[in-house]
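Let's take a walk through this one together. Have the sequence and the model open side by side, and we'll start at one residue before stepping back.

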Amino acid sequence: MKNIVARIKSYHAVSDEALHALQSEMRLIHYPKNTTLVTTGSIDRNVYFIENGVTRSIFHKDGIDTTTWFSMEGDITFGMYSLYHNQPSVESVQTLTECDIYVIPIERLNDLYEKYIDIANWGRVVHQDTNRLLSHIFVERLQLSPKERYECFMEHFPGLLNRVKLKYVAEFLGISIYTLSRIRSSR
């Protein structure tokens, strides 16, 4: 769990006791590439902590898939509507590589939030930081040129470009694959 623990500690100081309690509630699962973790229209009450690998969140509409987020080593991923509201997920989460993921039911994580203030504070800081990043990405899509969006992507997701299909990056940036290829070749 070195990637997960390092990422947790990068957000907020968490005691060894709290980390041990968190680890004891998780189960490690190896997922092959192209495995769907969360399915659109279903309720999934798990939080997925990625030790190794890359996932993407996908919004499906009228037969068109749009990549809405990427998660990699040390990140967490989940279906937001399922997790927060116990409603069917509006997005799917899919592995883009083989992944080693620690899974914990949200009920168990909520119990740990109540028992360990440092875990609760870590969860708060993670959500604040992710909401800040989502807000920036939303504004970037509205105000920045495709080239500027690409540069921001490279800053927000360092090293990811060589690990995922370019069409997913283009979807995420809201540009065509042709535009992405042109931007990359001009660098």
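**A guided tour, starting from Ser-71**

Start by finding Ser-71, which sits in strand 5, the stretch covering residues 64-71. Keep in mind as you look that this is a predicted model. Is Ser-71 buried or exposed? Its relative accessible area is just 1%, and the cut-off for buried is under 20%, so Ser-71 counts as buried. As for its company, if you skip residues up to four places away in sequence, Ser-71 touches Ile-50, Gly-53, Val-54, Thr-55, Ile-76 and Thr-77.

Now follow the chain to the other end of strand 5. The loop between strand 4 (55-61) and strand 5 holds Asp-62. With a relative accessibility of 69%, Asp-62 counts as exposed. Check its backbone too: phi is positive, about 50°, even though Asp-62 is not a glycine. Asn-86 is another residue to check for this, being a non-glycine with a positive phi near 55°. You'll find Asn-86 in the loop between helix 3 (80-85) and strand 7 (91-95). Asn-86 has a relative accessibility of 42%, so it counts as partly exposed.

Time to step back and look at the whole chain. It has eight helices and eight strands. Its radius of gyration is 17 Å, close to the 16 Å that the globule rule gives for 187 residues, so the chain is as compact as a globular protein of that length. Measured out along the principal axes, the C-alpha trace spans about 50 × 35 × 30 Å. Buried residues make up 44% of the 187. If you take the contacts between residues at least 6 apart in sequence, 72% of them join residues at least 24 apart.

Next, the inside. In soluble globular proteins, nonpolar side chains tend to be buried together. Here the largest nonpolar core has 23 residues, and those with the most contacts inside it are Ile-8, Leu-22, Val-47, Phe-49, Ile-104 and Ile-119. Which elements each supply at least two residues of this core? They are helix 1 (2-11), helix 2 (16-25), strand 3 (46-52), strand 8 (99-105), helix 4 (106-115) and helix 5 (117-143). Helix 2 gives the most, with four residues. There is also a second, separate core of 21 residues, and Val-54, Met-72, Phe-157 and Leu-180 are among them. You have met Val-54 already, as one of the residues that Ser-71 touches.

Zoom in on Ile-119 for a moment. Beyond its neighbours within four places in sequence, Ile-119 is in contact with Val-14, Ala-18, Leu-22, Leu-109, Leu-112 and Tyr-113. Leu-112, in turn, is found in helix 4. At 5% relative accessibility, Leu-112 counts as buried. Apart from residues up to four places away, Leu-112 touches Ala-21, Leu-22, Glu-25, Ile-104 and Ile-119. For a sense of scale, try the distance from Leu-112 to Arg-184: they are 72 residues apart along the chain, and their C-alpha atoms are separated by 44 Å.

Finish on the outside. The accessible surface of the chain comes to about 9900 Å², and carbon and sulfur atoms account for 52% of that. As for charge, there are 21 positive and 22 negative side chains, with the centres of the two sets 7 Å apart.

Conventions:
Residues are numbered from 1 along each chain as its sequence is written. This is a predicted model: local features need pLDDT of at least 70, side-chain atom pairs count only at pLDDT 80 or more; totals for chains, interfaces and linings use all residues. Side-chain values use heavy atoms; hydrogens and water are left out. A nonpolar core is a set of buried Ala, Val, Leu, Ile, Met, Phe, Trp, Tyr and Cys residues joined through side-chain atoms within 4.5 Å. Buried means under 20% relative accessible area, exposed over 50%, partly exposed in between (1.4 Å probe, protein chains only). Contact means heavy atoms within 4.5 Å. The radius of gyration is taken over C-alpha atoms; the globule rule is 2.2 Å times the number of residues to the power 0.38. Accessible areas come from the Shrake-Rupley method with a 1.4 Å probe; for residues, only the protein chains shown count as cover. Lys and Arg count as positive and Asp and Glu as negative; His and the chain ends are not counted. The place of a charge is taken as NZ of Lys, CZ of Arg, CG of Asp or CD of Glu.
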